[in-house]
Amino acid sequence: MAALGEATYNDEQFNTVSEGQATILFPKNNEVFYNPVQQFNRDMSIAAIRTWRDVVAEERWAKTLKKEGKTIDEAKAAGETVPVFKPKILEALAASGLRSVRYAKEIPDLDHILCNDLDPEAVESIKRNVAFNNLSEELVRPNLGDAKIVMYQHLMPKDHYHVVDLDPYGSASPFLDAGVQSVSDGGLMCITCTDMQVLAGANFTETCFTKYGGMPLRGEFTHEMALRLLLGAVHTAAAKNKRYVEPLVSCSIDFYIRVFVRVHVSPIEVKKTASKLSLVYLCQGCKSFVLQPMGKVTVTTSENGKETTKYGLSTHHAGANCAECGSNFHIGGPAWNAPLHSKPFVKRMLAHARANAANYGTSKRMEGMLTVIGEEVDAPLYYTLRALTTAVHCNSISLIDMGSALANAGYQFSVSHANPIAVKTNAPQHVVWDVIRAHVKRGPAKEPAEGSIAAKILAKEITTAVDFKFHKASNPPSRKIKLVRFQENPEKNWGPKARAGKKRKANADAPAQPKRGKKAPKTEPAAEQDIAEDALPEDAAMAEDDQ
Ligand SMILES: C[S@@+](CC[C@H](N)C(=O)[O-])C[C@H]1O[C@@H](n2cnc3c(N)ncnc32)[C@H](O)[C@@H]1O
Ligand SMILES: [Zn+2]
């Protein structure tokens with residue numbers, strides 16, 4: 001007999017799996033199983049919710065103190081402490097209940113968690129696991145229902161949840177409209193999408209448009225584009241309901257994406273909706289890209305200091321063809337063009353993850369990802385070293401040389417958590433290519449064929465003072481620590497797992513199953529590995545759903 005809390009269960013029927021402070025019963029009949037790969041998702045979610053809760057508790061306290069004419073610093077100096085804020089959490093698609101059980105045990109002072117699933121067997125499993133973990137059904141409330149209906153039943157502010165967690169198989173898009181309306185003002189939405197074939201592929205462009213309202217692009221930056229398409233979809237769903245979103249952390253992880261966004265109510269901010277979305281023009285020759293905002297916001301200040309904001313149409317500036325090589329563009333988006341992360345939040349979450357490393361099984365990876373995210377330049381999308389040098393058929397260039405040249409020219413530079421050979425920069429496109437043109441001049445290089453893309457790019461005059469002298473910005477802290485970018489391989493063939501059988505039994509999590517004959521995604525616990533396209537599984541189940 002297995003016994004953890006007061007409930008006991010037959011060992012012949014169940015396996016137990018421990019993750020964080022939870023121990024979960026999984027039926028042995030193989031229709032329900034545990035996917036350890038998602039531990040990182042759950043660890044990050046606990047850290048994000050705890051950090052968000054600290055931020056909100058302080059905001060609320062500051063508001064109360066303001067009425068008393070005091071600041072937080074003054075109150076702290078007088079020995080006062082932040083009043084406890086007890087959030088209500090909705091896990092709308094909960095499967096075995098593992099995530100909710102972990103939230104209940106690892107996030108102190110929760111009001112309650114509504115732990116919902118559509119599948120009656122999943123709800124049985126939730127009940128079993130709540131009891132097995134010695135939790136009350138007052139704290140973790142098992143609920144049978146369709147996630148959308150449950151969320152639409154919580155539209156009134158008094159019924160709102162402070163945190164709404166959406167962790168479906170495939171796309172979260174069907175749940176976004178209800179999600180943004182059931183979360184409180186300033187509340188947190190945690191959203192997973194595993195349909196990367198749709199968000200980051202070339203075969204389901206129409207599907208992507210219908211689900212997310214934007215076209216995907218199979219560029220070097222495809223994983224960041226996926227994040228921007230999802231954020232664009234959450235942003236427009238929120239805007240329809242007089243809300244706007246503030247991304248806190250947006251992560252591209254293995255074969256899925258997970259974003260943490262605050263949702264605020266503000267009809268004024270909603271007026272900026274179009275200007276936070278851009279079409280993305282991707283050159284089919286050299287892979288340069290141009291962002292074309294859908295709207296324009298102009299703020300003017302009069303002589304007496306009064307600000308006037310105007311909202312209008314933006315002007316097309318991408319040109320008919322690529323300015324560097326003259327090739328055609330593919331058009332992607334519209335997609336989110338504003339910051340992917342809140343840097344102060346990332347800093348705080350990183351500090352939390354470090355201080356609580358012993359509590360998180362994937363703490364090394366959390367530290368690695370949050371460190372790289374903290375360093376990311378707030379400029380949309382990226383080039384890669386590989387694409388830049390391939391376009392002109394020259395020798396490779398190191399990140400240090402690329403970063404130094406950009407920094408010496410006065411621009412910011414970073415890699416991306418989604419791609420370690422990314423060149424993220426606020427430098428204009430011609431400056432990036434000037435660095436490559438100057439690199440080619442350092443030779444040796446083959447003479448490009450007449451009329452080729454390489455010839456057109458190299459024929460352009462260098463107008464930037466390019467200096468490859470080492471600049472410390474090219475070597476940030478993340479490059480000095482060994483970052484774990486991928487989940488440690490916990491078992492043989494750990495890759496993404498299918499939803500459990502056609503009967504849809506209560507699964508822990510099972511985003512995708514590689515097609516027969518296809519390899520599971522490679523696992524790379526080492527630093528500096530590219531998680532480019534080949535890490536994405538082809539997923540038969542998802543493709544079926546997503547067409
Ligand atoms: C990926 S699993 C959830 C994993 C879970 N969040 C965790 O971390 O352990 C997705 C679950 O969504 C449930 N589901 C699918 N459609 C649903 C709907 N419309 N409403 C509620 N649950 C749904 C499935 O039964 C499945 O259990
Ligand atoms: Zn081009």
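In what order do the three strands of the open sheet run, and is their pairing parallel or antiparallel? I looked this up first.

**Ground rules.** I am working on a predicted model, where local features need pLDDT of at least 70, side-chain atom pairs count only at pLDDT 80 or more, and totals for chains, interfaces and linings use all residues. Residues are numbered from 1 along each chain as its sequence is written, chains are lettered from A and ligands numbered from 1 in the order in which they are written, and side-chain values use heavy atoms, with hydrogens and water left out.

**Three-stranded sheet.** I read the order as β13-β12-β16, with antiparallel pairing. For my names, helices (H or I, at least four residues) and strands (E, at least two) are DSSP runs, numbered from the N terminus; two strands pair if DSSP finds at least two bridges between them. β13 and β16 are the edge strands, each pairing on one side only. On average, neighbouring strands here are turned by 25° against each other, direction ignored. Helix α9 (residues 222-239) packs on this sheet, touching β12 and β16, and its direction makes about 50° with that of β16. I take contact as heavy atoms within 4.5 Å; axes are lines fitted to C-alpha atoms, for helices over the stretch in contact, and angles run from 0 to 180 degrees between N-to-C directions. Between β12 and β13 I found five antiparallel bridges, and V280 has L291 of β13 as its bridge partner.

**Zinc site.** Which residues hold the zinc ion (ligand 2)? They are C283, C286, C322 and C325, each through SG, at 2.2 to 2.4 Å. Donors are N, O and S atoms within 2.8 Å of the metal (3.2 Å for Na, K and Ca); water is not among the atoms, so sites may look incomplete. The angles among the four donor atoms are 96 to 116°, and the site is tetrahedral, a label given to four donors if all angles lie between 85 and 135 degrees. The donor spacing in sequence is C-x2-C-x35-C-x2-C. C286 sits in the loop between β12 (277-283) and β13 (289-293) and C325 in the loop between β15 (307-313) and β16 (329-336), so this pair ties together parts 39 residues apart in sequence. Both C286 and C325 are buried, meaning under 20% relative accessible area (exposed is over 50%, partly exposed in between; 1.4 Å probe, protein chains only).

**Seven-stranded sheet.** Next I followed an open sheet ordered β7-β6-β5-β8-β9-β11-β10, with mixed pairing. Its edges are β7 (140-144) and β10 (243-253), and the twist averages 15° from one strand to the next. I paused at β9 (residues 183-193), where 10 of 11 residues are buried. β9 pairs with β8 (residues 161-166) in the parallel sense over five bridges, and with β11 (residues 256-265) in the antiparallel sense over seven. Helix α6 (residues 173-182) lies across β8, β9, β10 and β11, at about 150° to β9.

**Two more helices.** Why do I call α14 (residues 399-408) largely enclosed by the rest of the structure? Seven of its 10 residues are buried, so that is the reading. Among the elements covering them are α13 (385-391) and α15 (429-441). After α14 comes G410, with a positive phi near 95°. I also noted G69 following α1, its phi positive and near 75°.

Notes:
Tetrahedral: all angles 85-135°; square planar, octahedral: opposite > 155°, others 65-115°.
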